[in-house]
Amino acid sequence: MRLTLLMPPLLLAMLLGACQGPPPRPEERSATAVGAEPIPRRLLFADPVRSTGRVSPDGRWLAWLAPHEGAMNLWVAPSERPEEARPLTRDRGRGIRNFAFAFDGRHLLYLRDQGGDENDHLFAVAVEGGEPRDLTPFPGAKARIEALSERAPGIVIAGVNDRDPRFFDPWRIEIATGSRERLLENRGHADFVFDLELRLRLATRPRQDGGLEVERHLGDGRFAPLLTIPREDALTTRILGFGHDDRPLAIDSRGHDLAALYRLDPESGERELIFSPERVDVSGVLLHPTRRHVQAVLLNDLRPEWVVLDPEFGADLERLRAELGEGEIAIASRSLDDRLWSVTRYRSDRPAEFFLYDRAQRRTRFWFATQPELAERPLARMHPLVIPSRDGLRLVSYLTLPRAADPDGDGRPDAPQPLVLLVHGGPWARDGYGFNALHQWLADRGYATLSVNFRGSTGFGKSFVNAGDREWAGRMHDDLIDAVAWAVHERVADPGRVAIMGGSYGGYATLVGLSFTPETFACGVDLVGPSNLITLLESIPPYWESFRRSFAERVGDPATEEGRRLLAERSPLFRADRIVRPLLIGQGANDPRVKQAESDQIVAALAARGVPVTYALFPDEGHAFARAENRLAFWAIAEGFLARCLGGRSEPIGRDLEGSSLTVPKGAEHVPGLGEALARHRPEIRM
């Protein structure tokens, strides 16, 4: 890894100037460094062969997700005979994306919505078979799992907003029978914390200043103040749950920049330090499955790192590292007796693989590869690095290069490459090290790919995340521009061939890139990104009510004149007249977070001015494209779009639109082969 010193402002300005000007015509572009044979798109964007392998609490069963009848479904097998696999569910829509074993050892639980509307219902299905049962059959309501415990194995605590769409009431549900009891009517709490007996103990209530109040439950729906989390700590402090001594654990940044691990007194709120990090926040904790003491904490800087606090667990971890070799290790699940573990190994250049570890026999056996055919292809390595911002912040970033452009593997290409700046969503989230299908796809097509943890990203201390407050399209965007300048200075990027792409906040950043810095990027790909921050905040889902004040404080308050002025200034829609470069937009019609109108209005504004814009709309999707057919269709369009813009290679669209719900209201003519593919495979489609 090579670190670059902070560039002086004059050099930074020169480099940004080098990114200006129209992109070169295709005949002027140099050949892009790529391998001999492209990796088929279907290997990168189809559903995995298997994923999310888990062990039942009693160790008798294995469960995982795999395709069945055209969608991801639940499968099970006896833990001693994994080959006796059988499907448990037959979802034919957007599929099942995650699940949990109930502690009774007889049921699996999962959430499922309709068409991406995010009104999840909680379902239970028996391991032995039978039809799934809807445990929260409230029309138009959203459910979430609040708590499970081995001490109440037949119970699940679910939060449901059936009574008031703004707030989730906790329900106690018997999994086997479906009988349920509303524990209280939520009058403004954001979260509830239950102990190991599934008794309601704590709750968090948003404050008007964007902070949080943690309260003790006194019984009968009554609460008393316990502690206050100031606004500056609200994104870096959270209660994890109760530990072995009937005291809750918390990741807490109060009084410090970095979030450390503490044990709290549930009556007084006093805290006891367990572990204090030195560079980044504590981002995760591993507890013993029954004794509930802390065995390890997870730190995630350039790469994830487990810090072992329990020598017994440390011995197992070292044994796994010795047996599994190169790669990162994660513990996916464990039986309650701690005998059987499901373990994930992943590398940046290899899809995840699952193993079963028998602690009693000290034996590790291969379980499955998530994408075995893709694992046989030559994949590119991701390079972690630090890019300095113009005001001295440390931006942890990840760079993936085409293999042919970096034959010695040092993370620097032999010549500048076309670059895709891939911006994460959230924005209160982060990019991390590991296998990334988008990085692999772009590198294989001939593009350097750079992901940057700009200010406002989480995991790097509260001063870093709070530095993003009210900086949408401000200093948050400056960080992305600084990353482009770094890539040009390091001869990673060809300044005339830089694209910006992302989803959700990353889609917004794409629109900002094309409207606020219109000469920097050759083109952009926006996936479900908002274009008007005023309408975004005025149309957030009702169940985000508890976060409304936090949004107002951190983005801008649409209820005040000053806030609306700021939101308008930072909205790409009101700078649409500055967009001159081609744009591809993908949108789910059922998206409750970034509604279709956010894309409709920017498309209309650009089409009226004759700016090349292609609009891919999916009627059966929400804030992400869950159906494999829709993912494949969108990325086929994006591949042709980027090839025309940046000059990389492109696999023909071929049959990749089949089975998707794709409509193209605008701009099919701007993507090579799209019009013909639509006419051939989707003659009924609207263009």
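How many of the 12 residues of α8 are buried? The count is 12 of the 12, so helix α8 is largely enclosed by the rest of the structure. Buried means under 20% relative accessible area, exposed means over 50%, and partly exposed lies in between (1.4 Å probe, protein chains only).

This is a predicted model, in which local features need pLDDT of at least 70, side-chain atom pairs count only at pLDDT 80 or more, and totals for chains, interfaces and linings use all residues. Residues are numbered from 1 along each chain as its sequence is written, and side-chain values use heavy atoms, with hydrogens and water left out.

**Helix α8 and the loop before it**

Helices (H or I, at least four residues) and strands (E, at least two) are DSSP runs, numbered from the N terminus. Helix α8 covers residues 505-516. Its buried residues include Y505, Y508, L511, L514 and F516. The expected span of a helix is 1.5 Å times one less than its number of residues. For α8 that gives 16 Å, and the end C-alpha atoms are 15 Å apart, which agrees.

S504 sits in the loop between β32 (493-503) and α8. S504 counts as buried, at 17% relative accessibility.

**Unusual backbone sites**

Most residues other than glycine have a negative phi, and most peptide bonds are trans. Three sites here deserve a look.

| Site | Backbone value | Place |
|---|---|---|
| S504 | phi about 60° | loop between β32 and α8 |
| V528 | phi near 45° | loop between β33 and α9 (533-538) |
| G426 and P427 | omega about 0°, cis | P427: loop between β30 (417-423) and α5 (437-444) |

V528 is buried, with a relative accessible area of 2%.

**The disulfide**

A disulfide is a covalent bond between the sulfur atoms of two cysteines. Here it is called for a pair of cysteine sulfur atoms within 2.5 Å. The structure holds one. It joins C523 to C645, with S to S at 2.2 Å. C523 lies in strand β33 (residues 523-527) and C645 in helix α13 (residues 628-646), so the pair ties together parts that are 122 residues apart in sequence. The torsion about the S-S bond of C523 and C645 is about -105°, so the disulfide is left-handed. Both cysteines, C523 and C645, are buried.

**A four-stranded sheet**

One open sheet has four strands in the order β1-β2-β3-β4, with antiparallel pairing. Strands β1 (51-55) and β4 (86-87) stand at the edges, each with a single partner strand, so one side of each has no neighbour in the sheet. Two strands pair if DSSP finds at least two bridges between them. β1 and β2 (residues 61-68) pair over three bridges, in the antiparallel sense. Within this pairing, S51 stands opposite L65 of β2.

**The second largest pocket**

On a 1 Å grid over the protein atoms alone, a pocket is an open set of points where a 1.4 Å probe fits, with protein on both sides within 12 Å along at least five of seven lines; lining residues have an atom within 4 Å of a point. Volume is the space filled by probe spheres set on the points.

The second largest pocket holds about 440 Å³. It is lined by 22 residues, of which R94, R97, L111, D113 and D120 lie nearest its centre. Strand β6 (residues 107-112) gives the largest share of the lining, four residues. By class, the lining has nine nonpolar, five polar and eight charged residues. Asp, Glu, Lys and Arg count as charged; Ala, Val, Leu, Ile, Met, Phe, Trp, Tyr, Cys and Pro as nonpolar; the others, Gly among them, as polar.
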